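Hi,

Here is the structure I promised to pass on to you. Please open it alongside this note, and I will walk you through what turned up.

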Amino acid sequence: MAENKERRGADPGRRPTWLLTAGIALMATLATAAVVALLMNIMQRQQEATNPFFRVVELTDDTVDPAIWGKNFPMQYDGYLRTVDQVRTRYGGSEAVPHTPTNVDPRSVVAQSKLEEDPRLKVMWAGYAFARDFREERGHAYMLTDQTFTERQQAAAQPGACLNCHGSVYTAYKQLGGGDIFKGFDVMNKMPYAEAAKTTDHPVSCIDCHDPATMQLRITRPAFIIGLRALAKSSDPVPQLESIERWRSQGKQGDYDPNTMATRQEMRAFVCGQCHVEYYFKGAEKTLTFPWQNGLKVDQIMNYYDEVQQKDWVHADTGAGTLKAQHPEFEMWNQGIHARSGVMCADCHMPYTREGGLKISDHHVQSPLLNINKACQTCHRWSETELKARVETIQTRNFSLRNVAMDSLMALITDLKTAKAAGKSDAELADARNFQRRAQFYLDFVEAENSTGFHASQEAARILGESINYSRQGQVSLRGGPPQGVPQAPATAPTPGK
Ligand code: HEC
Ligand code: HEC
Ligand code: HEC
Ligand code: HEC
Ligand code: HEC
């Protein structure tokens, strides 16, 4: 009985024990599975945070269309698409205004005209295509259309070299050069614009900044590589560009190459420096050239242009051989306190942002004043209002000084015109014309720089001071003042970051 009982007892009793054991085992398994799953999830997330790859599609070194890249990287693509936004800031940002003159294409809704804002610009650029059409710049999404529809296209035949900075040309360079982007670059530079434009349908795209296999940043524009090579060989101190200083101190072996030598941090400025720089087209080949052989400062660039005897056009009113400065953001940033402190373009214009637990770079490249929280407050503890006020204080001071320099230049141009009309010889006008060339280039270097002085405020003020002085010296020379000789850049170029 007892046995039976035990048995019976054991029998029905066995089930619960067995169930319990099985239950515990199951729970243990489930718990383990849960822990493993959690661990895997954490590891995966860590992986994602460092290497956010969701390979939905295979990307190759020929995938130009950003929408395809967007399948793997939807958040970056979303930001990229938002570069169509148009919001003005006090001195920057962007804004669309209807454009009616010669263009009737509906896409020719363009940005605010800077010529209408300040008619003195037309006098400065008299005889040049810029006197016909020059506008506020806007987001990356518009770079191809704005270039196609600028009236400067009608004012003068433009070369394929223009596309380097307005289209996704990396694969086109490869195709034109049989795999060699340097060769393709040479081919495209001298093509007529309309023909070169057929090689691309996209503004700057993922493939122009990223290696599709690793997503690392890379340099795809030969003009920038050649420019940095020349800069590295110069004696301009660049403490803010550590890989160049390292190459110099290690005996200048081979050519400096940003793709193999630059730090990851430097690449966050170099990708932008491929386009946001001063340039000219060299010779009949129309080779897109960055004038950095002597260094990155305006004085060294001016001297370079004198050495190669470059003039962009002859001024219609005065006969001076003049130059047009273009968006030297990279050069000016290099002279500022932020570059000196290791703060790169992407830190302010593509700041990190959190999206669903991931830290990504905001691909909505825009004015940082529209995103002060992410762009500035990671480093500065001041309120948004205060930070904005600090920027606008710098900009307003810069703008007033720019206006003084502009008036000084207008006075020199008026005097030169009068002297020319009074029959003075070319020899008698030579000095004053040379001063106009310099006054104008220095002023334009700040005018064309799109931060209104912020990227390097003291340097911008110094340049405008030099410009005012050149205009004054030009006027003195016309009044038969003491001979000035050929003006020279200041003997001691200032050190960046001061
Ligand atoms: C410390 C932050 C910071 C860094 C670093 C920086 N910028 Fe800026 N940038 C600004 C601010 C602030 C403005 C002024 C924006 C405005 O007026 O709306 C500006 C303006 C600009 C503009 C005009 C934008 C507009 O909406 O009008 C361009 C283009 C630009 N920067 C490019 C660059 C490039 C290229 C680099 C690197 C070589 C760079 N910036 C580095 C803060 C920065
Ligand atoms: C392939 C050339 C190219 C590269 C690379 C490039 N830009 Fe630009 N960027 C342009 C052009 C061209 C425009 C003006 C487009 C227009 O006005 O239609 C522009 C406009 C801008 C503007 C003005 C936006 C606005 O809303 O007004 C900012 C800011 C800017 N770029 C910053 C950067 C930064 C930061 C980088 C690097 C991460 C960079 N760019 C890389 C060519 C380039
Ligand atoms: C080295 C790069 C580079 C080259 C080459 C270049 N651009 Fe640009 N372009 C830019 C950048 C950066 C901007 C935005 C900043 C600005 O507008 O100052 C811009 C802005 C523009 C704009 C809009 C603002 C304006 O000026 O009205 C037009 C139009 C334009 N470029 C046309 C051209 C044409 C035409 C050529 C060939 C002669 C050319 N670009 C060559 C970099 C370049
Ligand atoms: C003008 C250059 C430029 C273009 C064009 C560009 N990126 Fe980026 N991208 C950057 C920079 C700068 C970073 C930051 C990289 C770093 O810090 O090493 C970045 C980072 C990334 C990362 C790494 C994760 C992150 O967000 O920091 C991914 C993924 C990425 N970009 C995807 C894209 C895709 C997709 C496109 C096209 C839709 C694109 N990028 C276009 C400059 C660019
Ligand atoms: C990655 C860090 C970092 C970011 C992002 C940054 N800054 Fe700075 N900023 C610095 C450093 C470092 C200095 C140098 C002064 C110092 O060491 O405290 C500086 C200096 C300044 C100064 C003084 C400039 C001068 O000429 O003396 C101003 C104004 C300023 N920042 C504004 C801004 C604004 C506006 C933004 C956003 C658009 C910004 N900063 C983004 C690090 C940063």
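Let me begin with ligand 3: by class, the shell around it holds nine nonpolar, eight polar and four charged residues. That shell counts 21 residues, and the closest to ligand 3 are R135, E137, T150, C162 and C165.

Before the other ligands, a word on confidence. Please keep in mind that this is a predicted model. The protein chain has a mean pLDDT of 88, with 82% of its residues at 70 or more. Two stretches deserve some caution. Residues 1–16 have pLDDT below 50, and in the model this stretch makes zero contacts beyond near neighbours in sequence. Residues 38–49 also have pLDDT below 50, and there the model shows four contacts beyond near neighbours in sequence.

As for the fold overall, the protein chain contains 23 helices and eight strands. Of its 498 residues, 39% are buried. Taking the contacts between residues at least 6 apart in sequence, 67% join residues at least 24 apart.

Now to ligand 1. It is surrounded by 28 residues, with T89, G92, C345, C348 and S367 the closest. Three elements give two or more residues to this shell: α15 (264–273), α17 (329–334) and α19 (345–349). Of these, α19 gives the most, with four residues. By class, the shell around ligand 1 has 13 nonpolar, 13 polar and two charged residues. Where does ligand 1 lie with respect to domain 1 and domain 2? Domain 1 (66–375) and domain 2 (384–478) both contribute residues to its shell, so ligand 1 lies between them.

Ligand 2 has 25 residues around it, and those that come nearest are S94, D146, C272, C275 and H349. Here α6 (143–149), α15 and α19 each supply at least two residues of the shell. Once again α19 gives the most, this time with three residues. The classes in the shell around ligand 2 are 11 nonpolar, 10 polar and four charged.

Since α15 turns up in the shells of ligand 1 and ligand 2, I took a look at its surroundings. This helix is mostly covered, with eight of its 10 residues buried. The buried ones are E266, M267, R268, A269, F270, V271, C272 and G273. C272 is also among the residues that come nearest to ligand 2. The buried residues of α15 pack against α11 (206–209), α12 (222–233), α13 (242–249), α14 (258–261), α17 and α19.

Finally, here is one residue to click on: S467, which sits in helix α23 (residues 457–478). Is S467 buried or exposed? There are 28 other C-beta atoms within 10 Å of it, and 20 or more is the cut-off, so S467 counts as buried. Leaving aside residues up to four places away in sequence, S467 touches A405, A439, Y442 and L443. The C-alpha atoms of S467 and M406 are separated by 8.9 Å, although these residues are 61 apart along the chain. The helix itself, α23, has 22 residues and reaches 32 Å from its first C-alpha to its last, close to the 32 Å expected at 1.5 Å a residue. After α23 comes G480, which has a positive phi, near 70°.

Happy browsing, and do write back with any questions.

Best wishes

Definitions and conventions:
Residues are numbered from 1 along each chain as its sequence is written. Chains are lettered from A and ligands numbered from 1 in the order in which they are written. This is a predicted model: local features need pLDDT of at least 70, side-chain atom pairs count only at pLDDT 80 or more; totals for chains, interfaces and linings use all residues. A residue is near a molecule or strand if its C-beta atom, placed from the backbone, lies within 6 Å of it. Ala, Val, Leu, Ile, Met, Phe, Trp, Tyr, Cys and Pro count as nonpolar, Asp, Glu, Lys and Arg as charged, and the others, Gly among them, as polar. Domain bounds come from an automatic or database domain assignment. pLDDT is the predictor's confidence in each residue, from 0 to 100. Two residues are in contact if their C-beta atoms, placed from the backbone, lie within 7 Å. A residue is buried if 20 or more other C-beta atoms lie within 10 Å of its own, exposed if 12 or fewer, and partly exposed in between; C-beta atoms are placed from the backbone. The expected span of a helix is 1.5 Å times one less than its number of residues.
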